[in-house]
Amino acid sequence: WEPFIEPWPCFLSWQQQAAGRLHPPRLKIGIRAKQRLDVNITSVLLGESVLGHVRRQLDLPRAADTLQRYCSEVALSHSSSVDSISDIQSSGTDDTHNVSQWREVLPGEEIPFEFEAREKLRHRFCVVIKKENFPEQQPAKRQVSGSTQQIYRQPGHTMYLLPTMVLSNLLPCDLNFYIKGTSIKGLLKPGKEAVLHSADTSQNMELGVMLESFPMCKELLIPPGTQNYVVRMRLYDTNNRLLCLTIRIILRAQGALKILVSSPYWLINKTGSLYIYASDNSKTDAAGQFEEHELARSLSPLLFCYTDKEQPAMCTMRIGKGIHSDGVPGWCQGFSLDGGSGVRALKVIQHGNKPGLIYNIGKMLCYCFNIS
């Protein structure tokens with residue numbers, strides 16, 4: 001089976017018009033939509049519904065002409081349609097017939113056409129059956145044709161229908177996701193979840209994630225029979241700097257997975273000044289920071305992780321270059337992101353004989369969100 005009409009967002013308006021001198025009372029109905037209306041015409045629909053109705057209402061030659069004309073108009077309209085008609089409507093014309101190219105098929109005339117082949121939309125789900133403890137399972141006796149037969153009363157059962165995959169965004173920013181080789185993709189707001197009914201967990205899946213300024217990633221392979229585990233996903237920003245996200249996969253039931261996407265740390269600047277962050281002893285700034293971060297304070301948390309396992313897990317920071325354009329900011333002493341507070345001195349070296357500047361950041365709290 002397949003839906004005859006696909007979901008179609010539209011605006012419906014109606015108005016009851018009073019009788020006039022030239023027309024009786026009538027109801028005026030208007031429909032406006034930016035998206036095209038997709039209608040699925042299958043061979044079963046044509047063979048059983050349309051032809052059966054037409055044969056009952058019309059004679060056979062007229063039915064054939066009517067059906068051929070109907071199919072031709074639909075096919076020609078579909079072949080020239082677009083996903084959005086906003087461009088057509090913005091041309092200034094009010095002729096609604098210009099949205100689709102209707103072509104009349106005269107009696108006896110033949111015009112070839114074809115329908116667009118589409119895969120059926122399948123919604124997968126998992127079934128979990130839980131055996132309850134009430135009522136108690138006990139045999140009951142009854143008389144059947146002179147003999148005694150024992151019947152076992154079964155306790156109650158609870159059935160759960162679970163989606164094959166649920167993706168949860170635990171990041172403070174929008175998340176774009178996709179499954180490689182499929183049509184599954186979408187956008188997740190912070191703290192939201194996406195239910196992926198069409199994900200097939202019985203096959204190998206490659207999950208990809210992209211963030212703002214992080215357009216590249218190394219897809220995560222999720223094989224069938226995946227159990228509970230935590231893994232890192234590698235993302236790269238537009239300067240090819242690495243950010244590792246934490247992917248936690250939870251097996252809710254056989255074939256039903258929940259995937260949590262998070263970052264090892266969020267760095268939140270509450271001081272009102274400009275700071276640039278990096279891993280201690282790293283040769284580059286942390287991923288996700290660009291030239292504009294040197295000039296203006298970012299209001300969004302910075303996603304941070306340690307990318308070099310050979311170096312100690314320490315973070316460092318400096319003043320943004322936009323504060324003192326004639327000075328050279330230096331990195332402060334490394335500090336841990338495992339919580340706590342302290343004081344760090346951020347130095348700025350000035351040219352000439354000018355004394356250096358020191359910014360003392362007191363009672364610096366590190367809000368660490370680490371679920372790995």
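Strand 2 contributes three residues to a nonpolar surface patch, the largest share of that patch, where strands (E, at least two residues) and helices (H or I, at least four) are DSSP runs numbered from the N terminus. The model is predicted, so that local features need pLDDT of at least 70 and side-chain atom pairs count only at pLDDT 80 or more, while totals for chains, interfaces and linings use all residues. Residues are numbered from 1 along each chain as its sequence is written, and side-chain values use heavy atoms, with hydrogens and water left out.

**Overall make-up**

- The protein chain contains four helices and 23 strands.
- Of the 372 residues in the protein chain, 31% are buried, a word that here means under 20% relative accessible area, with exposed meaning over 50% and partly exposed the range in between (1.4 Å probe, protein chains only).
- About 24900 Å² of the protein chain is exposed, and carbon and sulfur atoms supply 52% of that area; accessible areas come from the Shrake-Rupley method with a 1.4 Å probe, and for residues only the protein chains shown count as cover.
- When contacts between residues at least 6 apart in sequence are considered, 53% join residues at least 24 apart, a contact being heavy atoms within 4.5 Å.

**Nonpolar surface patch**

- Leu12, Trp14, Leu27, Ile29 and Ile31 make a nonpolar surface patch of about 580 Å².
- Patches are made of residues with over 30% relative accessible area and no salt bridge, like charges being joined within 9 Å and nonpolar side chains (Val, Leu, Ile, Met, Phe, Trp, Tyr) within 5 Å.
- At least two residues of the patch come from each of strand 1 (11-17) and strand 2 (26-32), and Leu12 belongs to strand 1.

**A three-stranded sheet**

- Three strands form an open sheet in the order 21-22-23 with antiparallel pairing, two strands being paired if DSSP finds at least two bridges between them.
- Strand 21 (327-329) and strand 23 (357-361) are the edge strands, each pairing on one side only.
- On average, neighbouring strands of this sheet are turned by 25° against each other, direction ignored.
- Strand 22 (residues 344-350) pairs with strand 23 in the antiparallel sense over five bridges, and Val348 stands opposite Leu357 in strand 23.

**Salt bridges**

- There are seven salt bridges in the structure, each defined as a side-chain nitrogen of Lys or Arg within 4 Å of a carboxyl oxygen of Asp or Glu.
- One of them joins the side chains of Asp200 and Arg124 at 3.5 Å, N to O; because Asp200 lies in the loop between strand 10 (193-196) and strand 11 (205-210), and Arg124 in the loop between helix 3 (86-89) and strand 3 (125-131), the pair ties together parts that are 76 residues apart in sequence.
- Within this pair Asp200 is buried, with a relative accessible area of 18%, whereas Arg124 is partly exposed, with 34%.
- The side chains of Lys189 and Asp174 also meet in a salt bridge, at 3.2 Å, N to O, with Lys189 in the loop between strand 9 (185-188) and strand 10 and Asp174 in the loop between strand 7 (165-169) and strand 8 (175-179), 15 residues apart.
- Asp285 and Arg318 form a salt bridge in which the closest N and O atoms are 3.6 Å apart, linking the loop between strand 18 (275-279) and helix 4 (291-295), where Asp285 lies, to Arg318 in strand 20 (residues 315-319).
- Asp285, Glu294 and Arg318 are joined into one network by salt bridges that share partners.

Definitions and conventions:
Axes are lines fitted to C-alpha atoms, for helices over the stretch in contact, and angles run from 0 to 180 degrees between N-to-C directions.
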